[in-house]
Amino acid sequence: METVAAFRASFSSISPNWAGRSGPTRPDMRVGSRPVQSNSWIQLTPSVSNLKMGNRKVGCLSRRHTSIRASMEPSDSGSSEAPIAPLQLESPIGQFLSQILVSHPHLVPAAVEQQLEQLQTDREAEKEKEEPSASGTDLVLYRRIAEVKANERTKALEEILYALVVQKFMDASVSLIPTIIPSSRDSSARVDVWPSQEDKLERLHSPEAYEMIQNHLSLILGNRLGDSNSVAEISKLRVGQVYAASVMYGYFLKRIDQRFQLEKSMKVLPQGIDNGENNIEQVAHEERRPSDDDNYASYVEPHPEMSFSGGVGVGASGIKPSRLRTYVMSFDGETLQRYATIRSKEAISIIEKHTEALFGRPEIIVSPEGTIDSPKDEAIRISFGGLKRLVLEAVTFGSFLWDVESYVDSRYHFVAN
């Protein structure tokens, strides 16, 4: 059931058996007293257990812009403006796109088209190369070079996707929330100094999807949803978990809404769903099987209960009936699982890196019993209006990520079937 208790249970059941991945950007984690490496914010979110990713290889990295060193910051050295995105791109292609985002953001799609064409050309040339027949050192070196190039290609593709997401926010005149850093001078200062922009974010979603987003906010904020001015002191780690989960929720919601809008335009929606809101509760009651709520909670809204509402949750009564929700409830478990799947490892990596750029790298300790603790977790002071803005941005980020992933895949296939 969609209750706060269900989210608390999902939060407490996080598996400690996370796959290790080395690298300086991964958070420090310990199992007992033994340090290991975790997969970052997305692995701290219970919903990651329901996500799959493809392993299809991508093409070679273009070398055409290796001399460019740019970041997503204003080009004037004396400017005090904040970066336009919290994650700074590092690959040659990413740095090139960062420069375009700052100077001529409307040219980003054209620049991406050129880079994808070059990646496609490089991939085709790579396929024509034959592995040397020699054995020993030469073969090992050849394979090592191929591995390094594959990692470079993957990073370049990730940063193309990220640059396109940032450009979509810029097109909508919505500024991304900068890196959240508590004030070192005033511990009582709020971190949410960003504008609300709720109206702009609402316009980026269909009316049906925004109804679902409001339900999502109700499950997180509870009876504080309409209380924008009150300030709470909350664990930054837990806020980061909700942000990552909300990105994945937005990705799922966009997939579902895209299918819903198509069937709506073709007038092939399931019987009763397109007959107006008066029939919604009746259709949901008639079509829902005993396991539907369990399936929906498992695949759609598996984020942890955050106690943002002062320990008072809204439970199932806070969920308003909607056409899109009724549409989703008509799916079987297998279909829900498929739609709750993030299709590419590049998209998962973007969610991890963007969340880490926003909230920092957490240090996690997993005890032998499987309990999770963060001894260096910071508490931040933030208003409930600021929390709402964070969640709305995260859901929109996930929606945009679905869009750009589909766009890039149509020109340079990398998403697994």
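Trainee: Is Ser173 buried, exposed or partly exposed?
Mentor: Keep in mind that this is a predicted model. Ser173 sits in the loop between helix 4 and helix 5. Its relative accessible area is 46%. Buried needs under 20% and exposed over 50%, so Ser173 is partly exposed.

Trainee: What is the phi of Ser173?
Mentor: Start with the general rule. Most residues other than glycine have a negative phi. Ser173 is not a glycine, yet its phi is positive, at about 60°.

Trainee: Which residue other than glycine has a positive phi near 55°?
Mentor: Look in the loop between helix 4 and helix 5, where this residue lies. It counts as buried, at 17% relative accessibility, because the cut-off is under 20%. The residue is Gln197.

Trainee: Is Gln167 buried or exposed?
Mentor: Gln167 is found in helix 4. Beyond its neighbours within four places in sequence, Gln167 is in contact with Leu101, Pro105, His106, Val108 and Pro109. Its relative accessibility is 7%. The cut-off is under 20%, so Gln167 is buried.

Trainee: How far from Glu159 is the nearest side chain of opposite charge?
Mentor: Glu159 is found in helix 4, residues 137–171. Glu159 is buried, and the nearest side chain of opposite charge is that of Lys155. A salt bridge needs the charged atoms within 4 Å. Glu159 has none, and Lys155 is away by 4.6 Å.

Trainee: Which residues is Glu159 in contact with, leaving aside its neighbours within four places in sequence?
Mentor: Lys155 is within that sequence window, as its number shows, and it is the nearest side chain of opposite charge. Set the window aside and the list has other names. They are Leu89, Glu90, Ser91, Gly94 and Leu97.

Trainee: How far apart are the end C-alpha atoms of helix 6?
Mentor: Helix 6 covers residues 207–221, which is 15 residues. At 1.5 Å a residue, helix 6 should span 21 Å. The model agrees, with the end C-alpha atoms apart by 21 Å.

Trainee: How many residues of helix 6 are buried?
Mentor: Helix 6 is mostly covered. The buried residues include Glu208, Tyr210, Asn215 and His216, as well as Leu217 and Ile220. Just after helix 6, Gly222 takes a positive phi of about 60°. The buried count for helix 6 is 12 of 15.

Trainee: Which residues touch the most other members of the largest nonpolar core?
Mentor: This core has 88 residues. Its largest share, 13 residues, comes from helix 13. Leaving aside neighbours within four places in sequence, one of the two residues is in contact with Ile177, Ile180, Trp194, Val239, Tyr243, Phe359 and Ile382. That one is Leu390, and the pair is Ile160 and Leu390.

Trainee: How many of the 28 residues of helix 13 are buried?
Mentor: Helix 13 runs over residues 384–411. Its 28 residues should span 40 Å, and the end C-alpha atoms are 41 Å apart, which agrees. Helix 13 is largely enclosed by the rest of the structure. Its buried count is 22.

Trainee: What percentage of the residues of the protein chain count as buried?
Mentor: The chain has 13 helices and 6 strands. Among contacts between residues at least 6 apart in sequence, 84% join residues at least 24 apart. The chain exposes about 19700 Å², with 48% of it from carbon and sulfur atoms. Of its 417 residues, the buried share is 51%.

Technical notes: Residues numbered from 1 in each chain as written. Predicted model: local features only at pLDDT ≥ 70, side-chain atom pairs only at ≥ 80, totals over all residues. Heavy atoms only, no water. Helix = DSSP H or I, 4+ residues; strand = E, 2+ residues; numbered from the N terminus. Expected span 1.5 Å × (residues − 1). Buried < 20%, exposed > 50% of the residue type's maximum accessible area, 1.4 Å probe, protein only. Core = buried A, V, L, I, M, F, W, Y, C linked by side-chain atoms within 4.5 Å. Contact = heavy atoms within 4.5 Å. Lys, Arg positive; Asp, Glu negative; His and termini not counted. Areas by Shrake-Rupley, 256 points an atom, 1.4 Å probe, with all protein chains shown as cover.
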